Amino acid sequence: MGLGNPGREYAASRHNLGFEIADALSSRWELPRARKRFGGLIAEGRAGPGGPRVAILLPQTYMNESGSSVGPARGSLKVSRDRLVVLHDEIDLPFGEVRTKLGGGVAGHNGLKSLREGLGGTGFWRVRAGVGRPDSSDPETVSRYVLSKFGESPEQVRELIERAAAEAERLVEQIAAGVAEAEEGS
């Protein structure tokens, strides 16, 4: 699932990077048009021909309420937390850096705080796409920074989105392979 805020005023902002990465994955996998469900937009299909079944959810709540969309979706689709991949911006990584992580703290990220509440824990995977940090730790300055448009060139932003999508795709394949191995062993 991609983290972001609905509405034109937030489009192309740092905080909507999760939406952009999710859109890139939907295109790569040629998923059908998303439909309204679970307080969000969800597209379901396969991660490429013959790939694992996937669902991409873009909550249409605001970032700090995304858990109210993701929690019911996870329950209805019967997806365990450790098979959920969250795509989001990360100010604690330099611009352009992409890292994955299973579980961990929320570090003041309101979307992750809401997910922790909506999912009953933080044992989900994350694809963290670095957007850099402002020069201040003042909460208002940080909020303005993540809600602002990128200062980097469109090409640099597109490259970050593609790199994060490739990492998410690798992670989905790894998770699916682990599930298949577990099923073969039983």
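The lining of the largest pocket has 21 nonpolar, one polar and five charged residues. That pocket belongs to a predicted model, and it encloses about 650 Å³ of space. Its lining counts 27 residues, and R53, V54, A55, V79 and R83 sit closest to the centre. Several elements contribute. α1, β2 (40-46), β3 (53-59), α2, β4 and α5 each supply at least two lining residues. The largest share comes from β3, with five residues.

Now turn to the second largest pocket. About 550 Å³ of space lies there. Here too 27 residues form the lining, and those closest to the centre are H15, G108, H109, N110 and V142. Two or more lining residues come from each of β4, α3 (110-119), β6 (125-130) and α4 (139-147). The biggest contributor is α4, with five residues. How do the lining residues of the second largest pocket divide by class? There are 11 nonpolar, nine polar and seven charged residues. Set that beside the largest pocket, where the lining holds 21 nonpolar, one polar and five charged residues. The strand β4 appears in both lists: it gives at least two residues to the lining of the largest pocket and two or more to that of the second largest.

Next, the interior. The largest nonpolar core has 34 residues, and L17, I21, L25, W29, V85, L87 and V127 touch the most other members. α1, β3, β4, β6, α4 and α5 each supply at least two residues of this core. Which element gives the most to this core? It is α5, with nine residues. L17 shows how one core residue is surrounded. Beyond its neighbours within four places in sequence, L17 is in contact with D89, A129, V131, F150, L160 and I161. A second core, separate from this one, has 15 residues and includes L3, F38, L84 and L119.

The helix α5 spans residues 154-185, and E169 lies in it. What does E169 contact, leaving aside its neighbours within four places in sequence? The partners are L25, R28 and W29. Two of these names are familiar: L25 and W29 are among the residues that touch the most other members of the largest nonpolar core. The third partner, R28, makes a polar link. The side chains of E169 and R28 are joined by a polar contact of 2.8 Å. The helix α1 covers residues 17-28, so R28 is its last residue by that numbering. Another polar pair involves β1.

R35 belongs to strand β1, which runs over residues 35-37. Is R35 buried, partly exposed or exposed? R35 is partly exposed, because its relative accessible area is 40%, and the partly exposed class lies between 20% and 50%. The side chain of R35 makes a polar contact of 2.9 Å with the side chain of E44. Not counting residues up to four places away in sequence, R35 touches G40, L41, I42 and E44. R35 and L57 are 22 residues apart along the chain, and their C-alpha atoms are separated by 9.6 Å.

The helix α2 comes next. Its buried residues include G67, S69, V70, G71 and A73. What covers the buried residues of α2? The cover includes β2, β3 and α3. Just after α2, the backbone takes a positive phi of about 55 degrees at K78.

That brings in the backbone angles. Most residues other than glycine have a negative phi. K78 is not a glycine, yet its phi is positive. K78 sits in the loop between α2 (67-77) and β4 (85-90). K78 is exposed, because its relative accessible area of 71% is over the 50% cut-off. A12 is another residue other than glycine with a positive phi, near 65 degrees. A12 is placed in the segment before α1. A12 is partly exposed, with a relative accessible area of 40%.

How values were computed. Residues numbered from 1 in each chain as written. Predicted model: local features only at pLDDT ≥ 70, side-chain atom pairs only at ≥ 80, totals over all residues. Heavy atoms only, no water. Helix = DSSP H or I, 4+ residues; strand = E, 2+ residues; numbered from the N terminus. Polar contact = N/O pair within 3.5 Å; in protein donor to acceptor, adjacent residues only side chain to side chain. Contact = heavy atoms within 4.5 Å. Buried < 20%, exposed > 50% of the residue type's maximum accessible area, 1.4 Å probe, protein only. 1 Å grid on protein atoms, 1.4 Å probe; cavity = no way out; pocket = protein on both sides within 12 Å on 5 of 7 lines; lining within 4 Å. Points joined across faces, edges and corners; volume = space filled by probe spheres on them. Nonpolar A, V, L, I, M, F, W, Y, C, P; charged D, E, K, R; others polar. Core = buried A, V, L, I, M, F, W, Y, C linked by side-chain atoms within 4.5 Å.
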